[in-house]
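Here's a walk through one protein chain, going from its sheets to its core and then to its charged pairs. Keep the viewer open while you read.

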Amino acid sequence: METVIGNPFIKALIILFLVSATTAAGDAPFIISHKKASLTRLKSGAERVSVSIDIYNQGFSTVYDVSLVDDSWPKDLFDIISGNTSKSWERLDAGGILSHSFELDAKRQGMFHGAPAVITYRVPTKVSLQEAYSTPILPLDILAERPTENKLDCRLLAKYGSQISVVSIVLLFIYLVATPSKASAAKASKKKR
């Protein structure tokens, strides 16, 4: 057995086999998808949900017939304002990114837990369609009562912030100059003795 493994020709074949197996596994596409949702309160009291889905091909080969379906938004809770919840692309190259976004209008108040979007794609080396899932979104508290922000403070700070900082620096300087330090106070007490 040692003579077979010790043979340089057999070692070269084993190394060639391992390298080719690693390369073949590395040629496969690797799809990653990230789903984001954000809430925007309108002046009319309604709330819009902006959804964005990014699809990344982190593999080393191109995928074809990429299809995105996000059916986690029930029709009785949301109206589609712009865009579609599904989209198709012809291809996604290695290292490429695809993005899709749409907006929804919320109908009812409450917590909403969305499911991941489903991405299907075709790899030239495989017969069947491959499937990937996006990240799920965090729970959305739709039409929730939120405390109003005091915008007056922000406006005052933006308008008078630089003057306030200059005045406070000048007052700090005057305080430091007018107040004797501990070292000079100790010297003065020694001189009086």
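What follows covers the strands, the nonpolar core, the aromatic rings and the salt bridges, in that order.

One thing up front: this is a predicted model.

**Two sheets**

Let's start with the strands. One open sheet has 4 strands, and they come in the order S1-S2-S6-S4 with antiparallel pairing. Which strands stand at the edges of this sheet? Those are S1 (31-41) and S4, each with a single partner strand, so one side of each has no neighbour in the sheet. If you ignore direction, neighbouring strands here are turned by 30° against each other on average.

Inside that sheet, strand S2 (residues 47-57) and strand S6 (residues 97-106) run antiparallel and are joined by 9 bridges. For a landmark, pick Ile-55: its bridge partner in S6 is Leu-98.

Now the other open sheet described here. It is also built from 4 strands, in the order S5-S3-S8-S9, and the pairing is antiparallel. Its edges are strand S5 (86-92) and strand S9 (130-133); each has a single partner strand, so one side of each is left without a neighbour in the sheet. Neighbouring strands of this sheet are turned by 20° against each other on average, again with direction ignored.

Strand S8 (residues 118-122) runs antiparallel to S9, and 4 bridges join the two. Here Thr-120 has Glu-131 as its bridge partner in S9.

**The nonpolar core**

In soluble globular proteins, nonpolar side chains tend to be buried together. In this model, the largest nonpolar core holds 26 residues. Ile-55, Val-66, Trp-73, Phe-78 and Tyr-121 are the ones with the most contacts inside that core. Which elements give two or more residues to this core? They are S2, strand S3 (63-69), S5, S6, S8 and strand S10 (140-142).

Val-66 is worth a closer look. Leave aside its neighbours within four places in sequence, and Val-66 still touches a whole list of residues: Lys-87, Ser-88, Trp-89, Glu-90, Arg-91, Leu-92, Leu-98, Ile-119, Thr-120 and Tyr-121. Two of those names have come up already: Leu-98 is the bridge partner of Ile-55, and Thr-120 is the bridge partner of Glu-131.

**Aromatic rings**

A pair of aromatic rings is described by the distance of the centres and the angle of the planes. The count for this model is 3 aromatic pairs. One of them is Trp-73 with Phe-78, an edge-to-face pair at 5.2 Å centre to centre with 85° between the planes. Are these two residues buried or exposed? Both Trp-73 and Phe-78 are buried.

Phe-78 also pairs with Phe-112, edge-to-face as well, at 5.0 Å centre to centre and 75° between the planes. This second pair links distant parts of the chain: Phe-78 is in strand S4 (residues 78-82) and Phe-112 is in strand S7 (residues 110-112), 34 residues apart. Phe-78 has a relative accessible area of 4%, so it counts as buried. Phe-112 counts as buried too, because its relative accessibility is 8%. Put together, Trp-73, Phe-78 and Phe-112 make one aromatic cluster.

**Salt bridges**

Side chains of opposite charge can pair when their charged atoms come close. The model has 8 salt bridges by count. Three of them are listed here, with the N to O distance for each.

| Acidic residue | Basic residue | Distance, N to O |
|---|---|---|
| Asp-54 | Lys-36 | 3.4 Å |
| Glu-47 | Arg-41 | 3.7 Å |
| Asp-93 | Arg-91 | 2.7 Å |

Asp-54 lies in strand S2 and Lys-36 in strand S1, so this pair ties together parts that are 18 residues apart in sequence. Asp-54 is buried, with a relative accessible area of 9%, whereas Lys-36 is partly exposed at 38% relative accessibility.

How buried or exposed are the other partners? Glu-47 has a relative accessible area of 1%, so it is buried, while Arg-41 is partly exposed with 40%. In the remaining pair of the table, Asp-93 counts as partly exposed at 37% relative accessibility, and Arg-91 is partly exposed with a relative accessible area of 41%. Arg-91 is also one of the residues in contact with Val-66.

Terms used: Residues are numbered from 1 along each chain as its sequence is written. This is a predicted model: local features need pLDDT of at least 70, side-chain atom pairs count only at pLDDT 80 or more; totals for chains, interfaces and linings use all residues. Side-chain values use heavy atoms; hydrogens and water are left out. Rings of Phe, Tyr and Trp (its six-membered ring) pair if their centres lie within 6.5 Å; planes under 30 degrees apart count as stacked, over 60 as edge-to-face and the rest as tilted. Buried means under 20% relative accessible area, exposed over 50%, partly exposed in between (1.4 Å probe, protein chains only). Two strands pair if DSSP finds at least two bridges between them. Axes are lines fitted to C-alpha atoms, for helices over the stretch in contact, and angles run from 0 to 180 degrees between N-to-C directions. A nonpolar core is a set of buried Ala, Val, Leu, Ile, Met, Phe, Trp, Tyr and Cys residues joined through side-chain atoms within 4.5 Å. Contact means heavy atoms within 4.5 Å. A salt bridge is a side-chain nitrogen of Lys or Arg within 4 Å of a carboxyl oxygen of Asp or Glu.
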